[in-house]
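Thank you all for coming; I would like to walk through one structure this morning, slowly, and to keep to what can be read from it. Please have a look at it before I begin.

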Amino acid sequence: MQTIFYSVCLALFPLFSFATTTVAFIGDSITYGYGVKTSHRYSDITKELLHMHGKEIEVINRALNGQPTDFAIISLSDLLSSQKKLDIVVIGSGFCDAYY
């Protein structure tokens with residue numbers, strides 16, 4: 001699974017090789033990286049992996065522990081209404097919906 005994720009990341013980024021790419025991660029605790037070191041969050045692994053391949057990437061991790069999808073959508077809306085230019089948005093949500 002990890003290899004597939006890395007392959008997809010590397011396949012996407014030749015499109016954005018001309019400048020720094022801004023990627024926002026929005027979602028629940030899995031996307032946030034609850035219970036793991038910051039360096040083991042997949043948002044940070046993505047940044048490190050692409051940096052090793054010469055890609056400049058800025059990561060914004062707006063995921064929250066316990067955040068259901070409806071709150072993730074609000075977070076996305078807030079982020080999109082800011083003046084920050086986003087090239088890619090990764091949404092990982094739904095796990096917490098079973099509890100609400």
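Let me begin with a question about placement: in which helix does T46 lie? The answer is helix α3, which spans residues 42–52, and I should say at once that we are looking at a predicted model, so please hear everything that follows as computed from that model.

Before staying with that helix, here is the overall layout. The protein chain has 4 helices and 3 strands, and from the N terminus on these elements run in the order α-β-α-α-β-α-β. Of the 100 residues in the protein chain, 32% are buried.

Back, then, to T46. Is T46 buried or exposed? Its relative accessibility is 3%, and because buried means under 20%, T46 counts as buried. As for its polar side, the T46 side chain reaches the backbone oxygen of Y42 at 2.7 Å. T46 has company in this respect, since the buried residues of α3 are S43, T46, L49 and L50. Around the axis they cover an arc of only 130°, and so they sit on the same side of α3. After α3 comes G54, which has a positive phi, near 80°.

Now to the nonpolar interior. In soluble globular proteins, nonpolar side chains tend to be buried together. In this model, the largest nonpolar core consists of 7 residues, namely A24, I26, I60, A72, L76, L79 and L86. Two elements, β1 (21–27) and α4 (69–81), each supply at least two residues of this core, and α4 gives the most, with 3 residues.

One of those core residues, I26, also leads us to the next point, which concerns V89. The C-alpha atoms of V89 and I26 are separated by 7.4 Å, although the two residues are 63 apart along the chain. V89 itself belongs to strand β3, residues 88–92, and with a relative accessibility of 32% it counts as partly exposed. On the surface, V89 joins L80 and I91 in making a nonpolar patch of about 270 Å².

Finally, the charged pairs. How many salt bridges does a search of the whole structure find? It finds 2, and I will take them in turn.

In one of them, the side chains of K84 and E58 meet, with an N to O distance of 2.9 Å. K84 lies in the loop between α4 and β3, while E58 is in strand β2 (residues 57–61), so this pair ties together parts that are 26 residues apart in sequence. Both partners fall in the intermediate class of accessibility: K84 is partly exposed, with a relative accessible area of 35%, and E58, at 30% relative accessibility, is partly exposed as well.

In the other, the side chains of K85 and D87 meet at 2.4 Å, again N to O. Here K85 is exposed, with a relative accessible area of 57%, whereas D87 is partly exposed, at 25%.

To gather this up with due care: the predicted model shows a helix α3 whose buried residues lie on the same side, a largest nonpolar core to which α4 gives the most, a nonpolar surface patch made by L80, V89 and I91, and 2 salt bridges. I am happy to take questions on any of these points.

Definitions and conventions
Residues numbered from 1 in each chain as written. Predicted model: local features only at pLDDT ≥ 70, side-chain atom pairs only at ≥ 80, totals over all residues. Heavy atoms only, no water. Patch = residues over 30% accessible without salt bridge, like charges linked within 9 Å, V, L, I, M, F, W, Y side chains within 5 Å. Areas by Shrake-Rupley, 256 points an atom, 1.4 Å probe, with all protein chains shown as cover. Salt bridge = Lys/Arg side-chain N within 4 Å of Asp/Glu carboxyl O. Buried < 20%, exposed > 50% of the residue type's maximum accessible area, 1.4 Å probe, protein only. Polar contact = N/O pair within 3.5 Å; in protein donor to acceptor, adjacent residues only side chain to side chain. Arc of directions from axis to C-beta. Core = buried A, V, L, I, M, F, W, Y, C linked by side-chain atoms within 4.5 Å.
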